[in-house]
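Q: I'm new to reading protein structures and would like a close look at one part. Could you walk me through it in plain words?

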Protein chains: 2
Amino acid sequence: MDQVRPSAIRDLLALGADPAILSFGGGYPDATLFPKALLQDVFRDAIADPSGDPLQYAPSDGLPKLRAQIAALMTADGTPTAPEDVLILQGSQQGLDFAAKMLVNPGDTILVEDPTFLGALIAFAPAQPRYAAIPMDADGMDMDALEAALRATPSARLLYTVPDFQNPTGATLSLPRRQRLIDLANRHDLIVLEDTPYRHIRFAGDALPTLKSLDTQGRVIHLGSFSKILVPALRIGWAVAAPPLLEKLSLLKVAADTQTSTLNMAATSLFLERHDLWAHVATLRAAYARKKEVMLQAIRQHFPQEVTVTDPQGGLFTWARFPQGFDATAFLRDHALPKARVAYVPGGTFFATSPQPNHARINFSAQSEDRIRTGIAALGHCLKDHLSCP
Amino acid sequence: MDQVRPSAIRDLLALGADPAILSFGGGYPDATLFPKALLQDVFRDAIADPSGDPLQYAPSDGLPKLRAQIAALMTADGTPTAPEDVLILQGSQQGLDFAAKMLVNPGDTILVEDPTFLGALIAFAPAQPRYAAIPMDADGMDMDALEAALRATPSARLLYTVPDFQNPTGATLSLPRRQRLIDLANRHDLIVLEDTPYRHIRFAGDALPTLKSLDTQGRVIHLGSFSKILVPALRIGWAVAAPPLLEKLSLLKVAADTQTSTLNMAATSLFLERHDLWAHVATLRAAYARKKEVMLQAIRQHFPQEVTVTDPQGGLFTWARFPQGFDATAFLRDHALPKARVAYVPGGTFFATSPQPNHARINFSAQSEDRIRTGIAALGHCLKDHLSCP
């Protein structure tokens with residue numbers, strides 16, 4: 001219990017709620033793009049169902065119809081999936097908690113990207129793991145470094161990765177590295193936890209195969225979510241895994257909370273039946289691609305030259321690197337918040353082993369294009385002032 | 001992980017879905033009493049909120065407005081509660097998982113009623129506890145037996161109880177025993193997990209004080225739920241506890257699933273703001289009181305004399321005791337299901353330490369009065385046949 005870290009994410013969610021602060025902090029989708037009218041229709045009709053079933057208890061694995069629909073989405077995305085391979089989760093975050101419960105004993109090593117998703121570190125913490133943090137570049141996790149880590153820590157059993165538009169860096173794992181990752185998993189008896197919340201928010205190029213689709217030995221637990229492609233508020237995520245793993249995840253679901261909301265599952269199922277999810281996602285992709293461009297252009301215009309940012313091919317985030325010695329947490333507290341009235345997530349918390357405080361995660365999906373320009377300009381001026389005479 | 005029991009509840013939910021079986025198995029509320037029109041209105045308006053907030057992420061402790069409304073409900077029920085004392089959960093079931101994670105190490109003893117709620121045994125299982133099962137009578141847990149168990153197992157730290165209309169027996173813990181339970185908790189350094197899903201479904205008499213309201217040292221974690229008084233499908237439960245316990249539960253919530261569904265919290269909050277929950281609950285109480293009477297009358301008419309049942313003052317269940325040597329699981333499988341086409345929950349699974357197979361939990365809330373009469377008559381004839389020449 002003492003291993004559970006005070007929640008940086010929770011504090012940031014609170015920060016994002018202050019209307020006086022222009023926040024690039026949270027990983028919030030753009031609320032103006034929520035399909036409200038369509039959601040009103042499917043909730044109205046789910047509630048009206050003469051059986052009353054959408055308001056009643058449901059099987060703990062999830063509504064059979066929704067499991068079949070998710071299996072069809074996965075199959076169309078190149079990952080052949082049967083309905084019984086799908087377990088509905090309380091957001092894909094719940095899959096992180098379950099994977100750690102299932103596979104990690106206190107002191108076991110989890111292999112993670114360096115930096116990695118803060119929410120995963122929080123979910124894994126109750127299992128009391130150690131970490132091996134694998135360096136990344138623009139093509140994702142460095143496979144030579146991973147191989148060396150596996151030789152140094154042969155007992156490591158679980159690897160966690162966000163292969164598409166990673167949180168926080170925005171990097172995407174290249175196809176050759178995906179193939180090599182599966183090969184290493186097979187040779188070193190690893191379970192790979194593939195977390196894909198941003199997978200369908202791609203701005204350019206073609207989708208790469210999921211790790212699950214390359215999996216030859218049932219070693220990949222794939223996590224998906226409707227949070228970024230529909231709305232976060234439903235908390236509908238899912239796991240796809242081979243039967244021996246899925247059966248254990250399913251038992252953990254019963255123990256943890258019995259089931260995800262029946263009504264939210266029923267409404268999501270109706271949405272998928274009646275509406276073209278991919279047409280909606282195409283709108284999101286176009287809007288977020290524009291916002292990413294607006295943000296990068298503003299950064300090029302206003303940020304000091306010595307600050308570099310990534311140019312992701314999708315997702316919600318760019319990752320800024322400040323000069324060595326720069327403390328992004330102190331700058332946020334002492335300058336960005338009180339002077340520029342702008343928030344981001346200081347990068348240090350994303351590193352599992354050795355915090356590198358000269359980074360920040362900057363979200364481009366939540367704010368309007370105008371506010372992105374305003375906020376980045378204010379942040380840039382503040383940065384220039386500080387970096388020229390700190 | 002190997003401690004997670006195959007889920008009897010899950011199998012029973014599947015059984016209840018077979019339309020050819022008349023099921024008294026699940027703890028389902030009556031779907032014909034769901035306030036559909038009111039729910040349609042609050043979901044429509046929550047989705048339409050111009051801010052988009054009800055469709056977005058939310059603070060992990062729950063929407064502040066809903067926490068305040070639940071605090072007001074608790075206070076009106078005699079348990080003074082502040083909004084910051086309330087943590088929203090994914091059903092109160094999630095509180096069982098969190099309490100075990102927080103307080104139980106492998107091999108630790110949990111004190112439970114004998115019999116106790118099967119879902120609690122499933123939730124506690126991943127923590128790998130031992131159990132001390134405390135005998136019950138019509139007034140709930142036997143306090144002399146509890147005191148003896150505390151002397152025999154001084155390291156026991158957690159006690160789990162359903163004090164109102166217990167699952168599965170329907171028994172209610174008397175006021176003197178509630179007071180003595182708190183006294184024993186104080187003297188033996190116990191945390192008391194008070195689970196109250198049926199508390200407001202009372203047919204007769206006045207409500208007894210919650211254990212939380214009698215708590216003098218911040219030792220009671222109170223769990224509440226809207227599943228039985230509104231609809232189960234929203235999965236909105238809550239914990240009320242003293243700050244040191246609530247802060248730990250709150251960290252476990254972030255780690256487990258980040259948050260409960262924002263939309264379900266927002267819609268529940270609107271429901272409480274606009275409608276009289278207690279007027280709706282009064283309708284439920286009257287309807288379930290009638291159903292209980294219909295069931296007990298049918299049982300008196302059709303069951304063999306040697307089968308006894310409890311007459312609960314509230315809740316959803318009566319508890320049947322068959323003659324010694326009767327195996328309610330085998331009878332269900334070989335007679336009740338194939339011949340009478342009627343289901344109940346065999347009682348053996350509710351005992352944490354020594355299963356007593358000559359019991360059954362029979363639910364009276366889910367079926368119509370006519371089907372209760374039909375089903376109990378069929379079950380009674382089948383029982384008479386079997387008990388006269390087994």
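How much area does chain A expose, and what share of it do carbon and sulfur atoms supply?

A: Happy to help! Please keep in mind that this is a predicted model. Chain A exposes about 13,700 Å², and carbon and sulfur atoms supply 52% of that area.

Let's place that surface on the chain as a whole. Chain A is built with 13 helices and 14 strands. Its radius of gyration is 21 Å, close to the 21 Å that the globule rule gives for 390 residues, so chain A is as compact as a globular protein of that length. If you drew a box along the principal axes around the C-alpha atoms, the box would be roughly 65 × 55 × 40 Å.

Now look beneath the surface. Of the 390 residues in chain A, 63% are buried. The contacts tell you how the chain folds back on itself: among those with a separation of 6 or more, 76% join residues that are 24 or more positions apart.

Charges are worth a glance too. Chain A has 36 positive and 40 negative charges, and the mean positions of the two groups are 3 Å apart.

Two residues make the idea of surface and interior easier to picture. Start with His280(A), which is found in helix α11, spanning residues 277–302. His280(A) has a relative accessible area of 12%, and a residue counts as buried under 20%, so His280(A) is buried. Setting aside its neighbours within four places in sequence, you can find His280(A) in contact with Leu33(A), Pro35(A), Ile229(A) and Leu230(A).

Then turn to Asp385(A), which lies in helix α13, residues 369–388. Here the relative accessibility is 53%, and the cut-off for exposed is over 50%, so Asp385(A) counts as exposed. Try finding Pro304(A) as well: Asp385(A) and Pro304(A) are 81 residues apart in sequence, while their C-alpha atoms are 9.4 Å apart in space.

Finally, chain A has a partner to compare with. A turn of 180 degrees, with a shift of 0.0 Å along the axis, lays chain B on chain A with an RMSD of 0.0 Å. That is the relation of a two-fold axis. As for where they touch, 100% of the interface residues of chain B are also interface residues in chain A, so the copies meet through the same surface.

Notes:
Residues are numbered from 1 along each chain as its sequence is written. Chains are lettered from A and ligands numbered from 1 in the order in which they are written. This is a predicted model: local features need pLDDT of at least 70, side-chain atom pairs count only at pLDDT 80 or more; totals for chains, interfaces and linings use all residues. Side-chain values use heavy atoms; hydrogens and water are left out. Helices (H or I, at least four residues) and strands (E, at least two) are DSSP runs, numbered from the N terminus. The radius of gyration is taken over C-alpha atoms; the globule rule is 2.2 Å times the number of residues to the power 0.38. Buried means under 20% relative accessible area, exposed over 50%, partly exposed in between (1.4 Å probe, protein chains only). Contact means heavy atoms within 4.5 Å. Accessible areas come from the Shrake-Rupley method with a 1.4 Å probe; for residues, only the protein chains shown count as cover. Lys and Arg count as positive and Asp and Glu as negative; His and the chain ends are not counted. The place of a charge is taken as NZ of Lys, CZ of Arg, CG of Asp or CD of Glu. Copies are superposed by least squares on the C-alpha atoms of residues with pLDDT of at least 70 in both.
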